[in-house]
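The following exercises are meant to be worked with the sequence and the model side by side. Each task is followed by a solution in steps.

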Amino acid sequence: MAAVSESIVREYFEGLGFLVQQPHKYLVMARAKQPMEEVDFLAINPLASEAPVMPGAEAMVVAGAQVRALPKVMVSLRGWHTDRITPATLETAPEIYRFTDEVSVRDATRRLGAGPLFKVLCLPGLPTTPALATRTLALLREKGVDYVVLFPTMLRELAQQV
């Protein structure tokens, strides 16, 4: 199922005009992943004009128009299609935001070049309770995530492209 999630995210970013690279295609079985191995995709948008203004936690969930404005992104995806990511999930699964580690950002900057680099997390869903969703996004922001793109949004926009 991970390959399906990867394909969805890759198609989504490519459909928005990004040039996408997958830096680590292998699965790590014998050891824990290094932070830079948590990055699923690196992407450059050659048509992006300038870096967007960073929104507050409530505007952290973005769709195609906002994503298209980003010049360079490092993307991590968690394709647990039926799960909702909550603060409790973030406490028990720190690998969700591990891709924002300084080592990962340095490696991505080396690969993509200098300039604004945004950390995008693709998730299946957020809690339905507004207060809990806001808390989840605030925790992700604290951990270094810049933007969140939800799988339903990606699927809807991909279907519209077809």
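**Exercise 1.** Determine whether Asp 107 is buried or exposed in this predicted model, and identify the salt-bridge partner that its side chain meets at 3.1 Å.

*Solution.* Step 1: the relative accessibility of Asp 107 is 11%. Buried means under 20% relative accessible area, so Asp 107 counts as buried.

Step 2: the side chain of Asp 107 meets that of Arg 111 in a salt bridge, at 3.1 Å from N to O. Arg 111 has a relative accessible area of 32% and is partly exposed.

Step 3: both residues belong to helix α4, and because they are four residues apart, about one helical turn separates them.

Step 4: the pair is part of a network of salt bridges that links Asp 107, Arg 110 and Arg 111.

**Exercise 2.** Find the residue that forms a salt bridge with Arg 106, and describe the exposure of each partner.

*Solution.* Step 1: the side chain of Arg 106 meets that of Glu 102, with a distance of 3.0 Å from N to O.

Step 2: these two residues are also four apart in helix α4 (residues 102-112), which means a separation of about one helical turn.

Step 3: Arg 106, at 49% relative accessibility, counts as partly exposed. Glu 102, at 58%, counts as exposed.

**Exercise 3.** State which parts of the chain are tied together by the salt bridge between Asp 146 and Lys 119, and how many salt bridges a search of the whole structure finds.

*Solution.* Step 1: the closest N and O atoms of Asp 146 and Lys 119 are 3.6 Å apart.

Step 2: Asp 146 lies in the loop between α5 and β5, while Lys 119 lies in strand β4; the pair therefore ties together parts that are 27 residues apart in sequence.

Step 3: Asp 146 and Lys 119 are both buried.

Step 4: the search of the whole structure finds six salt bridges.

**Exercise 4.** Describe how the side chains of strand β4 are directed and whether they are buried or exposed.

*Solution.* Step 1: in a regular strand, side chains alternate between the two faces of the sheet.

Step 2: Phe 118, Val 120 and Cys 122 point one way from β4, and Lys 119, Leu 121 and Leu 123 point the other way.

Step 3: six of the six residues in β4 (residues 118-123) are buried, and the strand is mostly covered.

**Exercise 5.** Place β4 in its sheet, and explain why one side of β1 and of β5 is left without a neighbour there.

*Solution.* Step 1: β4 runs parallel to strand β3 (residues 72-77), to which five bridges join it. Within this pairing, Ser 76 stands opposite Leu 121.

Step 2: β4 also pairs in the parallel sense with strand β5 (residues 147-150), over four bridges. Leu 150 in β5 is the bridge partner of Leu 123.

Step 3: strand β2 (residues 41-44) pairs with β3 in the antiparallel sense, over four bridges. Here Phe 41 stands opposite Val 75.

Step 4: the result is an open sheet of five strands with mixed pairing, in the order β1-β2-β3-β4-β5. β1 (19-21) and β5 stand at the edges and each has a single partner strand, so one side of each lacks a neighbour in the sheet. The twist from one strand to the next averages 25°.

**Exercise 6.** Identify the helix that joins β4 and β5 in a β-α-β unit, and the strands that α6 lies across.

*Solution.* Step 1: helix α5 (residues 130-142) makes a right-handed β-α-β unit with β4 and β5.

Step 2: helix α6 (residues 151-161) lies across β3, β4 and β5, and runs at about 60° to β5.

Definitions and conventions. Residues are numbered from 1 along each chain as its sequence is written. This is a predicted model: local features need pLDDT of at least 70, side-chain atom pairs count only at pLDDT 80 or more; totals for chains, interfaces and linings use all residues. Side-chain values use heavy atoms; hydrogens and water are left out. Buried means under 20% relative accessible area, exposed over 50%, partly exposed in between (1.4 Å probe, protein chains only). Two strands pair if DSSP finds at least two bridges between them. A crossover is right-handed if, with the strands pointing away from the viewer, the path from the first strand over the helix to the second runs clockwise. Axes are lines fitted to C-alpha atoms, for helices over the stretch in contact, and angles run from 0 to 180 degrees between N-to-C directions. Contact means heavy atoms within 4.5 Å. A salt bridge is a side-chain nitrogen of Lys or Arg within 4 Å of a carboxyl oxygen of Asp or Glu.
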